[in-house]
Amino acid sequence: MKKEKIMKYQSQKVAKPYFIAALALFVGQIVFGLIAGLQYLHGTFLFPELPFDVTRMSHTNLLIVWLLMTFMGAAYFIVPEEAQTELYSPRLALVTFWVFLIAAALTIVAYLFVDYAHLAAITGNAILPTMGRGYLEQPLPTKIGIVLVALSLLFNVTMTLIKGRKTSINLILVGSLWGLALLFLPAFYFPHDTVKASYAWWWVVHGWVEGDWELILGALLGFILIKMTGVDREIVEKWLYIIVAMTLISGLIGIGHHYYYTGAPSYWIWLGSIFSALEPIPFILLIAFSFKMLLQRRREHPNKAAMLWALGTPIMAFLGAGLWGFMITLAPAQYYMHGTNFTAAHGHLAFFGAYAMISLAIISYAMPLLRGRTANSAAAQRWEIAGFWIMVLSMLGIALALTGAGIVTVILQRAADDPMPFMQVQDKARVFFWVREFAGVGFFIGLLVYLRSFFIAGEYEYASEMKQALAA
Ligand code: HEM
Ligand code: HEM
Ligand SMILES: [Fe+2]
């Protein structure tokens, strides 16, 4: 196949810098994760240069940034192809990329070198307070930058959609990108009233991961599976609409699982418990949908690694979000488990299983194409597949270790008649923090193995019939 033929629309190429930057930021995220894990074992490690709160904030903020980077790259890759037209403005997409990358890098550098309170003082937090809530720690200029970047993305993809074909994948994708931007706006509302502040915080955090982003996940997975299996669009669309509906029904009111015992009205105990208990359903549907597509496939796509990511994503997302989420979601369970390492176990497995893995899935599908190949060579795919398994198994290790630490806290502190002091409980859970750190090192090795696959040259050698089938 000629190189020029591989990409359907030249403007899709702007996705490439987004994907590369995303992977670089992913490496940064994991390095901070490893340091944070060490600080659990040696409280003074790198102190005072790098206190735990800064390490943790850099870890979680880099996570959010690299995921957003991939979602944007994915949008610039998918929207033109689905709309069957070039991107409205590739140049704007490229400018937006640099603005986002530089803003993100400056923010992390500021976290590392400027004292957080001082950073707040010099970036106008007194004028419009926004800093300090988890995941939304960014200073005001960064938050405004995020809004501008989102507006630019929305303008670009919406204009592309308007002039092109309107498929369900594109409507869900562009619609959920609008949702993502709108749901970020409560980040600018940080009143003194802690109940109201926590409402606004969860509208962003829960609204994203248990609402809007699930729609992005569905659209990306649907796109990859259509491309890889050749299954009819109509079937995919029917499933996607059911998944979207179930996500919204369960996720919107399910936000109540963050309102128990916070000072919010007590009816949330019932609403939150009942509706959030339904939240695993869309994840089960995603598994059923993906495997149905696999069974009905009309071709064997040579990119086996991408298929593995695409099938692994719904399974791991179900485990992390569906199962580990369900474990902590009912009000009587939250009563004991709130804010323990059960939450961290769930947070890691869900974020990795759903959003890191769908990101790696779209990168796995699109990057070979962006580099002028239908699929990477068998040798490169072996590295990628090894990276997949090492990362997935290590993440299960991290989640199980944190679950162990959670159990220790619940038994010795939360549910005990004679609760043990916090620090003594931490000490009892120490073995689990060691296991977490070892699994974390494993994860980092898996990431390096995965990245190695990008440096192995060559295209997949496939039979000539397949070449023709893929060109069709
Ligand atoms: C893609 C992989 C990863 C994802 C998606 C991820 C995600 C997260 C999230 C969402 C949090 C905040 C959760 C909470 O405190 O409830 C967090 C905190 C943390 N992560 Fe990760 N992480 C990943 C990898 C790692 C690795 C490899 C390590 C290293 C051992 C690590 C260590 C930590 C630590 C120590 C915290 C702070 C926990 C605390 O405050 O108690 N993470 N991570
Ligand atoms: C992919 C989807 C999901 C992701 C990425 C995710 C991630 C997270 C993270 C990072 C936290 C910790 C927030 C913090 O810093 O306090 C959290 C909390 C929580 N999640 Fe999820 N979650 C997902 C889906 C779900 C689902 C489906 C359920 C229920 C079935 C659920 C139930 C909960 C509950 C109850 C809490 C509060 C825990 C506490 O307050 O200690 N999550 N989630
Ligand atoms: Fe939630």
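Donors of a metal are N, O and S atoms within 2.8 Å of the metal, and water is not among the atoms considered. With that cut-off in mind, this report describes a predicted model, beginning with its metal site and moving outwards to the ligand shells, the aromatic contacts and the backbone.

## The iron ion and ligand 2

The iron ion (ligand 3) has protein donors from His206 (ND1), Glu210 (OE, listed twice), His257 (NE2) and His258 (NE2), lying 2.1 to 2.8 Å from the ion. In sequence, these donor residues follow the spacing H-x3-E-x46-H-H. The iron ion (ligand 3) lies 4.5 Å from the iron atom of ligand 2. Glu210 belongs to helix α8, whereas His258 is in the loop between α9 (233–254) and α10 (267–277), so this pair ties together parts that are 48 residues apart in sequence. Glu210 is buried because its relative accessibility is 14%, under the 20% limit that defines the class. His258 is likewise buried, with a relative accessible area of 18%.

Glu210 also appears in the surroundings of ligand 2: an N or O atom in the side chain of Glu210 is 3.5 Å from a nitrogen atom of that ligand. Two oxygen contacts accompany this one. A polar side-chain atom of His338 is 2.7 Å from an oxygen atom of ligand 2, and a polar side-chain atom of Thr343 is 2.5 Å from an oxygen atom of ligand 2. The elements giving two or more residues to the shell around ligand 2 are α8 (194–229), α12 (304–329) and α14. Of these, α14 supplies the largest share, 7 residues. In total, 24 residues surround ligand 2, and the closest are Tyr135, His338, Gly339, Thr343 and His346. By class, this shell has 11 nonpolar, 11 polar and 2 charged residues.

## Ligand 1

Ligand 1 is surrounded by 24 residues, the closest being Gln29, Tyr40, Arg56, His59 and His348. Three side chains place polar atoms at the following distances from nitrogen atoms of ligand 1.

| Residue | Atom of ligand 1 | Distance |
|---|---|---|
| Gln29 | nitrogen | 3.4 Å |
| His59 | nitrogen | 2.7 Å |
| His348 | nitrogen | 2.8 Å |

The shell around ligand 1 draws two or more residues from each of α2 (15–41), α3 (52–83), α14 (341–370), α15 (378–414) and α17 (430–452). Helix α2 gives the most, with 8 residues. By class, the shell around ligand 1 contains 14 nonpolar, 7 polar and 3 charged residues. One of the closest residues to ligand 1, Tyr40, also takes part in a contact with a charge: the charged end of Arg436 sits over the ring of Tyr40, 4.6 Å from its centre. Another such arrangement involves Arg452, which lies over the face of Trp383 at 5.0 Å from the ring centre.

## Aromatic pairs

The structure holds 35 aromatic pairs. Among them is the pair of Tyr18 and Tyr76, which is tilted, with 5.2 Å centre to centre and 45 degrees between the planes. Tyr18 lies in helix α2 and Tyr76 in helix α3, so the pair ties together parts that are 58 residues apart in sequence. Both Tyr18 and Tyr76 are buried.

Phe77 and Phe223 form an edge-to-face pair, with 6.3 Å centre to centre and 85 degrees between the planes. This pair links helix α3, which holds Phe77, to helix α8, which holds Phe223, across 146 residues. Phe77 counts as buried because its relative accessibility is 1%, and Phe223 because its relative accessibility is 0%. Elsewhere, ring pairs link Phe71, Phe184, Phe188, Trp208, Trp213, Phe351 and Tyr355 into a cluster.

## Backbone features

Most residues other than glycine have a negative phi, and most peptide bonds are trans. Several positions in this model depart from that pattern. The peptide bond from Phe47 to Pro48 is cis, with omega near 5 degrees, and Pro48 lies in the loop between α2 and α3. Leu46 lies in the loop between α2 and α3 as well; although not a glycine, Leu46 has a positive phi of about 65 degrees. Leu46 is partly exposed because its relative accessibility is 35%.

Tyr135, one of the closest residues to ligand 2, also has a positive phi, near 70 degrees. Tyr135 is found in the loop between α5 (116–122) and α6 (140–163) and is partly exposed, with a relative accessible area of 27%.

Conventions:
Residues numbered from 1 in each chain as written. Chains lettered and ligands numbered in written order. Predicted model: local features only at pLDDT ≥ 70, side-chain atom pairs only at ≥ 80, totals over all residues. Heavy atoms only, no water. Near = heavy atom within 4 Å. Polar contact = N/O pair within 3.5 Å; in protein donor to acceptor, adjacent residues only side chain to side chain. Helix = DSSP H or I, 4+ residues; strand = E, 2+ residues; numbered from the N terminus. Nonpolar A, V, L, I, M, F, W, Y, C, P; charged D, E, K, R; others polar. Donors = N, O, S within 2.8 Å, 3.2 Å for Na, K, Ca; no water. Buried < 20%, exposed > 50% of the residue type's maximum accessible area, 1.4 Å probe, protein only. Phe/Tyr/Trp six-rings, centres within 6.5 Å; stacked < 30°, edge-to-face > 60°. Lys NZ or Arg CZ within 6 Å of the ring centre and 35° of its normal.
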